[in-house]
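Subject: Structure for you, with notes

Hello,

Please find the structure below, with the sequence. My notes on what turned up come after it.

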Amino acid sequence: MASTSSGRQANARGGDDEGRARGARDRDDEGRAHNARDRDKGQAPSARDRDKEGRARNARPRDGLGRPLPYGSEGVARQSEGVVRTPRQTVTEAQDLLDAGRPFHAHEVFEDAWKSGPEEERGLWRGLAQLAVGLTHAARGNVTGGARLLRRGAGAVTEWAASGAGRQRPYEMDLAGLALWARGLAEEVERTAAPVDARTRRPRLRG
């Protein structure tokens, strides 16, 4: 029995390792494809881009929906990465970006909170980041990706709200209203198969 159990554990580890390796290969392949396209255009490979701390970070300019533009184009400034904010600062800054029609940038603010906040709140901020990315894809015209992420984010914030007392309105946010907004928008983009206006279809985080 012990050898069988060890075999299962080894197989499980092998499967996990294989999955991680496959993900790494996919990312490498994507990076090589981007770099090849950049070289064809006479641009610097994005794999060499670094932020001021020396971390790998694609420096290609991006538009207001986070889509990469050619090097040398005038893009919209990215959010600084790894900023630690209070939860209320996170909500306020993300709402300002949503109001400006920049859900991709709002997702970066939520991602900072997800990575730096307490463990018990990570599901909340991850769900909010998924909602912002879902709106980003819906605005780009990606019907499938937009609808999927809007529903995934709605499910995440609903699950988080149901997991404990007092979690329906964290930091004055209306999670039930956000989930309703996200599911309604997902249905709309599937029905119309047309890009939405990120500014006019933005959510109100605090209801």
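The notes go from the overall make-up to the core, the ring pairs, two of the helices and a few single residues.

Overall

Please keep in mind that this is a predicted model. The secondary structure comes to six helices and zero strands, so the order from the N terminus reads α-α-α-α-α-α. Of the 207 residues, 37% count as buried. The protein exposes about 11700 Å², and 49% of that is supplied by carbon and sulfur atoms. Taking contacts between residues at least 6 apart in sequence, 58% join residues at least 24 apart.

The nonpolar core

The largest nonpolar core has 37 residues. Those that touch the most other members are F110, W125, L128, M173, L175 and L205. At least two core residues come from each of α2 (87–99), α3 (103–116), α4 (122–140), α5 (143–162) and α6 (175–192). The biggest contributor is α4, which gives nine residues. As an example of how the core is joined, L128 is in contact with F110, V157, M173 and L178, leaving aside neighbours within four places in sequence.

The aromatic rings

Two aromatic pairs were found in a search of the whole structure. In one of them, F110 and W125 are stacked, at 6.2 Å centre to centre and with 25 degrees between the planes. F110 belongs to helix α3 and W125 to helix α4, so this pair ties together parts that are 15 residues apart in sequence. Both F110 and W125 are buried.

The other pair is W125 with Y171: the ring centres are 6.1 Å apart and the planes lie at 20 degrees, so this pair is stacked too. Here W125 in helix α4 is paired with Y171 in the loop between α5 and α6, so the parts tied together are 46 residues apart in sequence. Ring pairs thus link F110, W125 and Y171 into a cluster.

Helix α2

Does the length of α2 agree with or depart from what 1.5 Å a residue predicts? It agrees: the 13 residues should span 18 Å, and the end C-alpha atoms are 18 Å apart. The buried residues of α2 are T90, V91, A94, Q95, L97 and L98. They cover an arc of only 160 degrees around the axis, which puts them on the same side of α2. This fits the general pattern, because an α-helix has 3.6 residues a turn, so residues three or four places apart point the same way. The cover over the buried residues of α2 includes α3 and α4.

T90 is one residue of helix α2 to look at. Its relative accessible area is 2%, so T90 is buried. Apart from neighbours within four places in sequence, T90 is in contact with R85, V109, F110, A113 and W125. After α2 comes G101, which has a positive phi, near 75 degrees.

Helix α5

The 20 residues of α5 should span 28 Å at 1.5 Å a residue, and the end C-alpha atoms are 29 Å apart, which agrees. Buried in α5 are G145, G146, A147, L149, L150, G153, A154, V157, W160 and A161. What covers them includes α4 and α6.

Loop residues

Three loop residues are listed here.

- G82 sits in the loop between α1 (2–40) and α2. With 52% relative accessibility, G82 counts as exposed. G82 and V109 are 27 residues apart in sequence, and their C-alpha atoms are 8.8 Å apart in space.
- Y171 is in the loop between α5 and α6. Why does Y171 count as buried? Its relative accessibility is 19%, and the cut-off for buried is under 20%. Y171 is not a glycine, yet has a positive phi of about 55 degrees.
- E172 is found in the loop between α5 and α6. E172 counts as partly exposed, at 36% relative accessibility. The phi of E172 is also positive, near 65 degrees, in a residue other than glycine.

As background to the last two, most residues other than glycine have a negative phi.

Regards

Key:
Residues are numbered from 1 along each chain as its sequence is written. This is a predicted model: local features need pLDDT of at least 70, side-chain atom pairs count only at pLDDT 80 or more; totals for chains, interfaces and linings use all residues. Side-chain values use heavy atoms; hydrogens and water are left out. A nonpolar core is a set of buried Ala, Val, Leu, Ile, Met, Phe, Trp, Tyr and Cys residues joined through side-chain atoms within 4.5 Å. Buried means under 20% relative accessible area, exposed over 50%, partly exposed in between (1.4 Å probe, protein chains only). Helices (H or I, at least four residues) and strands (E, at least two) are DSSP runs, numbered from the N terminus. Contact means heavy atoms within 4.5 Å. The expected span of a helix is 1.5 Å times one less than its number of residues. The arc is that of the directions from the helix axis to the C-beta atoms. Rings of Phe, Tyr and Trp (its six-membered ring) pair if their centres lie within 6.5 Å; planes under 30 degrees apart count as stacked, over 60 as edge-to-face and the rest as tilted. Accessible areas come from the Shrake-Rupley method with a 1.4 Å probe; for residues, only the protein chains shown count as cover.
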